[in-house]
Structure formats: C-alpha cells, structure tokens
Amino acid sequence: MIKRRAFLAGALGAATAGIRTTRTAGAPDNSLVGNFAELSGVKLWFTDTGGTGVPLILLHANTGTSAIWANQVESFSRTGYRVIAFDRRGWGKSLANPATGPQPGSIAGDLDALAEYLKLDKFHLLGVAGGGFAALDYAAWRPERLRSLVIAASTGQLADKEIADFIARLEIPGLRKLPAVYREVGPSYRGANPDSTRRWIEIEEHARQAEAPSQPLRTPNTFAKIETIPTPALILAADADLLAPPALMLVWAARMKNHEWAVIADAGHAVTWEQPDKFNEKVLEFIKRH
C-alpha cells in the first residue's frame with residue numbers, strides 16, 4: 001500500500017508539471033493534465049482527467065492541495081468519471097490576481113467559474129474537511145448544477161450556537177496548537193505508515209501560501225441554509241476524527257433533507273488519505289446511483 005501511494009504521489013507530481021502519462025491505444029485516458037484557468041481574480045491551478053465521463057470535482061482540505069487526491073483521482077477516473085481537482089486560491093499553485101478581479105473571492109465562486117470555464121453541465125461535488133464548508137456553501141447557492149454532494153470529515157463550519165457549544169464540549173484543550181499531523185492523521189495510520197505519513201506532512205507544509213487570506217463563504221453556513229439543499233448527499237464521517245467526530249457531524253447532517261450517512265472505522269480527519277480504498281468504495285457506490 002505504501003509503495004502504491006508513493007507511485008500515485010509521483011504520478012500526480014508529473015501531472016502537475018503538465019505531463020500526460022502514456023497509455024495503450026484504445027485504453028481509457030485516466031491520466032492527469034495540469035493547467036491554469038484564467039478566472040476573475042485568480043489563476044486557478046487545476047488537474048483534469050478529461051474524457052466524456054460524468055464530471056466529479058474534488059475540494060481539498062485546509063491542510064492540503066489537489067495533490068492530496070492522488071488515490072481518489074486514480075480510482076474514480078478508472079471507474080469512468082472525469083475527475084477534476086483544483087488548488088484553492090492561496091493554496092498550492094493557484095495565484096491570486098488582483099488585476100483581474102476582487103480579492104479574496106470565495107471558494108464557491110472560484111468553483112463556479114471553473115465549471116463555466118470547463119463548460120461543465122451537471123457534476124458531482126466532493127468536499128473534505130474545509131473543502132466541505134465550501135461544498136455546502138456551493139450546494140445551497142447552485143443546486144441546479146449538482147448531481148450529488150459528498151461531505152467528508154467536516155464540521156461544516158456552521159455558525160449556529162448549537163454547533164459552537166458542541167465543539168467547545170468535545171474538543172481537546174490545545175488541540176489546534178498541535179502540529180497538523182497530530183490533529184488530523186489518526187494514530188493507527190501514523191504508527192503503521194511512516195513513509196506515507198511523511199508524504200502527507202510534505203503536502204501539508206507546502207499547501208498554504210504565506211500571508212494568503214482565507215476565502216470567506218458566500219454566506220454563512222447555518223442550519224436554515226443547509227436545510228434548503230435539495231441535492232442527494234452522502235455525509236461521511238471517520239470514527240477517530242478529533243476535529244469532526246461522528247457525533248458532531250450527526251448534529252448538522254440531521255438537517256440535510258436528502259442525505260445518507262456512513263462512517264469509516266479506524267480513520268482520523270485525513271480519512272481520504274488514511275483509508276482510500278474504503279473511502280473510494282463508499283463514494284463510488286453512492287454517486288453511481290445519481
């Protein structure tokens with residue numbers, strides 16, 4: 001598994017250099033293409049497996065970039081989906097460009113502009129952790145563009161007092177002062193996978209650009225807001241998640257009118273990295289029905 005992840009990480013590195021891997025004639029094109037989209041206020045770095053499959057857009061966490069999705073890109077594209085991931089404004093390779101638009105913009109706004117740039121029709125949307133905040137924001141704003149919605153390992157950044165009080169009761173004092181790897185990567189994974197843990201740390205340490213401002217949500221996420229989302233949704237928790245444990249996610253998931261619930265065992269906040277096979281299986285089983 002460690003060697004396989006190392007290969008995937010290397011493949012993604014090649015892709016972000018704009019290199020397309022070779023393939024057998026007639027085989028599905030599951031390779032990545034990296035490019036910049038010139039959008040309002042940003043040169044947005046994105047990767048796109050291309051092809052005619054149904055689009056699936058991935059939104060990374062606050063501690064990652066599009067590089068964190070290597071395993072998902074390989075798995076989902078092999079199944080026939082056109083998989084698109086991008087570095088959020090202020091993260092990875094994406095470059096804010098004040099000359100072309102206001103700053104800092106919003107993740108949902110950049111996502112919508114990228115969908116227009118790529119001339120996408122309806123697509124599946126998957127957001128993990130901080131990417132989940134933006135996915136909820138987008139789903140409430142532009143539900144007509146979505147086939148389905150997957151939110152994983154995320155507090156949802158809901159502004160309601162009930163959520164704030166819940167977090168205050170459960171969060172370990174000083175947790176957010178710890179290095180990200182201890183907050184986010186589960187102990188079982190850290191113990192069993194030292195090489196892949198080091199790769200996760202490498203991505204995290206080079207994720208956010210120095211002095212980059214956070215992009216706000218278009219409108220605050222609230223119970224009332226997410227109750228309006230009509231899109232079929234999968235809410236996916238990790239049972240060893242210190243930041244968004246299942247009990248917390250259940251509080252806001254209950255307000256989603258059209259959702260399914262799943263939990264992945266022995267995984268921390270970095271569930272997509274720690275348990276990719278189980279994660280991918282649950283996501284694929286869900287989106288295939290929508």
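**A walk through the predicted model**

Let's start at one residue. Set aside the neighbours within four places in sequence, and Thr-197 is in contact with Val-181, Tyr-189 and Arg-190. Keep in mind that this is a predicted model.

Where does Thr-197 sit? Its place is in helix H8, which covers residues 194-205. Is Thr-197 buried or exposed? Its relative accessibility is 7%, under the 20% cut-off, so Thr-197 counts as buried. There is a polar contact too. The Thr-197 side chain reaches the backbone oxygen of Asn-193, at 2.8 Å.

Next stop, Pro-246. This residue is found in helix H10, residues 246-253. Pro-246 has 17% relative accessibility, so it also counts as buried. What does Pro-246 touch beyond four places in sequence? The contacts are Ala-237, Ala-238, Asp-239, Trp-261 and Val-263. Take Val-263. In sequence, Pro-246 and Val-263 are 17 residues apart. In space, their C-alpha atoms are 7.4 Å apart.

Now a whole helix. H12 runs over residues 276-287 and has 12 residues. From first C-alpha to last, H12 reaches 16 Å. That is close to the 16 Å expected at 1.5 Å a residue. Which residues of H12 are buried? They are Pro-276, Phe-279, Asn-280, Val-283, Leu-284, Phe-286 and Ile-287. Why do these fall on the same side of H12? Because they cover an arc of only 160 degrees around the axis.

On to the cores. In soluble globular proteins, nonpolar side chains tend to be buried together. Here, the largest nonpolar core has 42 residues. Which residues have the most contacts inside that core? Phe-86, Leu-114, Phe-123, Leu-125, Leu-136, Leu-149 and Trp-252. Another core lies apart from it, with 37 residues. Trp-69, Leu-126, Ala-129 and Ala-153 are among them.

Let me stay with Phe-86 for a moment. Leave out residues up to four places away in sequence. Phe-86 then touches residues including Leu-44, Trp-45 and Phe-46. Ile-57, Leu-58, Leu-59 and His-60 are also among its contacts. So are Ser-66, Ile-107, Leu-111 and Leu-114.

Last, confidence. The protein averages a pLDDT of 90. At least 70 is the score for 89% of the residues. Where does pLDDT stay under 50? Over residues 1-31. For that stretch, the model has 49 contacts beyond four places in sequence.

To recap: Thr-197 is buried in H8, Pro-246 is buried in H10, and the buried residues of H12 lie on the same side of that helix.

How values were computed:
Residues numbered from 1 in each chain as written. Predicted model: local features only at pLDDT ≥ 70, side-chain atom pairs only at ≥ 80, totals over all residues. Heavy atoms only, no water. Helix = DSSP H or I, 4+ residues; strand = E, 2+ residues; numbered from the N terminus. Buried < 20%, exposed > 50% of the residue type's maximum accessible area, 1.4 Å probe, protein only. Polar contact = N/O pair within 3.5 Å; in protein donor to acceptor, adjacent residues only side chain to side chain. Contact = heavy atoms within 4.5 Å. Expected span 1.5 Å × (residues − 1). Arc of directions from axis to C-beta. Core = buried A, V, L, I, M, F, W, Y, C linked by side-chain atoms within 4.5 Å. pLDDT = per-residue confidence, 0-100.
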